[in-house]
Amino acid sequence: MGEYGNAEYVGLEEDASPRYDNFKKVSIVPLIFLIFYEVSGGPFGVEDTVQAAGPLLALLGFLLFPFIWSIPEALITAEMGTMFPENCGYVVWVSSALGPYWGFQQGWMKWLSGVIDNALYPVLFLDYLKSAIPGLEGGLPRTIAILALTMALTYMNYRGLTVVGWVAVLLGVFSILPFVVMGMVAIPELEPSRWFVIDLHNVNWGLYLNTLFWNLNYWDSISTLSGEVENPNKTLPKALFYALILVVLGYFVPLLVGTGAIPLDREMWVDGYFADIGKILGGIWLRSWIQGASAVSNMGMFVAEMSSDSFQLLGMAERGMLPDFFAKRSRYGTPLTGILFSASGVILLSWLSFQEIIAAENFLYCFGMIMEFIAFVKLRMRYPAASRPYRIPIGTTGAILMCIPPTLLICVVLALASFKVMVISLLAVMVGLVMQPCLVYAEKKRWLRFSVSSDLPDFLSAHHRDTESGKQ
């Protein structure tokens, strides 16, 4: 579509960063917490790993899983995000390697998985409040509350990414502190032998792996904000590194405290159990603090995810993949149409159950990650000399080997999905396969206007220059 309708494109120039000087850029501290909320938001939701597999496997999972999944995904995001520092993010990575048709499919699947994920957070927020306000448990009051909360958080996104970033910092500090306090008061109660309890004959592998995967993915989501970051070539890799440490410690330490200080009852380890542990170790005040932290954490995850989803749509429009109205910015520099579309998707999908949301988003996310791995390796092979401000210190063979373990994990996650989730997810994929040709036809008939932003680097011309120089 637009200028890039029938050609692949790849950035080969040194100064390939798009510039939007009218709007304030995001600095490293807010970026760290935006990544933190894209991926984690705190240990809320990890309790299911203990119920599914016991303390030892839960602790090992959050130590080893990052090496299999999180670190490779974060490294690829750092390299590709600095190679293509624009809001199209992973969409332009795949487009550069596989062509714009598959780039669009990547954008559709990742946007949809993000919106499905975001549908969860208003529901979880109200679940934490319903014990204090029983009327929020169901019916019309709950529906009105979901709509009101979604609208309020959507307005926060509208007001600007820097606002969202600093709100994420404040919410992040508030969410982390109660677990620091819980760790200190738990020291006299710790019994290390409780950490090594394992029963391989009583493991729910589907719940265990889905929970690990859901809590440790989405590192690439920050790439759709690359065009809004201050000096992304240096800031993005540093922010990913610090966020990785924060996320892993934010999961592992509370699990270490909870499983070591309290006698094991696996059936008790469900969502919200950390609040009960807080009451046992510190009293009602600590339980209330953890419950409050859980609630505001969902707000942080919502605004961070919506930022990535909406800026992704803006980036695709700036590359001519979506109609021009998606590229329009508000006076605060935010993608108004993208925000409205993402909020509408959240409201429409809020009827799904918790487990269905996790399984459906994981399924769609896996398809997108496979294309990212292929794009990463293919661009390494085809354009080894292209400018990469941050480059993973491995060769082509190392790049391939690094992608094998997470790819195998993806296959396991896909195989464990239920038939219902498979059918719904594959239907969603088919919508994207049909949607892109329909948009091309709409452009051809001039029903919708598409264009490529003049602020972006001309990847197509760069590719042609590289091709022509190779022929000479």
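What follows is a short chat about the core, one helix pair, the salt bridges and some backbone angles of this predicted model.

Q: Before we start, what are the ground rules for this model?
A: It is a predicted model, where local features need pLDDT of at least 70 and side-chain atom pairs count only at pLDDT 80 or more, while totals for chains, interfaces and linings use all residues. Residues are numbered from 1 along each chain as its sequence is written, and side-chain values use heavy atoms, with hydrogens and water left out.

Q: Cool. Which residues touch the most other members of the largest nonpolar core?
A: Leu-34, Ile-35, Trp-69, Met-182, Trp-219, Phe-274 and Phe-376, out of 142 residues in that core. A nonpolar core here is a set of buried Ala, Val, Leu, Ile, Met, Phe, Trp, Tyr and Cys residues joined through side-chain atoms within 4.5 Å. Buried means under 20% relative accessible area, exposed over 50%, and partly exposed in between (1.4 Å probe, protein chains only).

Q: And which helix gives the largest share of this core?
A: Helix α12 (residues 284–318), with 14 residues. Helices are DSSP runs of H or I with at least four residues, numbered from the N terminus.

Q: Switching topic: how do the axes of α3 and α10 cross?
A: Helix α3 (residues 55–83) and helix α10 (residues 232–261) have axes that come within 10 Å and cross at roughly 175 degrees. The axes are lines fitted to C-alpha atoms over the stretch in contact (heavy atoms within 4.5 Å), and angles run from 0 to 180 degrees between N-to-C directions.

Q: Parallel or antiparallel, then?
A: Roughly antiparallel, a label for angles over 145 degrees.

Q: Nice. How many salt bridges are there?
A: The count comes to eight, taking a side-chain nitrogen of Lys or Arg within 4 Å of a carboxyl oxygen of Asp or Glu.

Q: What does Arg-319 pair with?
A: Glu-86, with the closest N and O atoms 2.9 Å apart. Arg-319 sits in the loop between α12 and α13 (336–349) and Glu-86 in the loop between α3 and α4 (90–98), so the pair ties together parts 233 residues apart in sequence. Both Arg-319 and Glu-86 are buried.

Q: What about Arg-449 and Asp-324, buried or exposed?
A: Arg-449 is exposed at 62% relative accessible area, whereas Asp-324 counts as buried at 13%. Their side chains meet in a salt bridge (3.2 Å, N to O).

Q: Last one: what is the phi of Asn-231?
A: Asn-231 has a positive phi of about 50 degrees, although it is not a glycine. Asn-231 lies in the loop between α9 (205–215) and α10.

Technical notes:
Helices (H or I, at least four residues) and strands (E, at least two) are DSSP runs, numbered from the N terminus. Angles under 35 degrees count as roughly parallel, over 145 as roughly antiparallel, 65 to 115 as roughly perpendicular and the rest as oblique.
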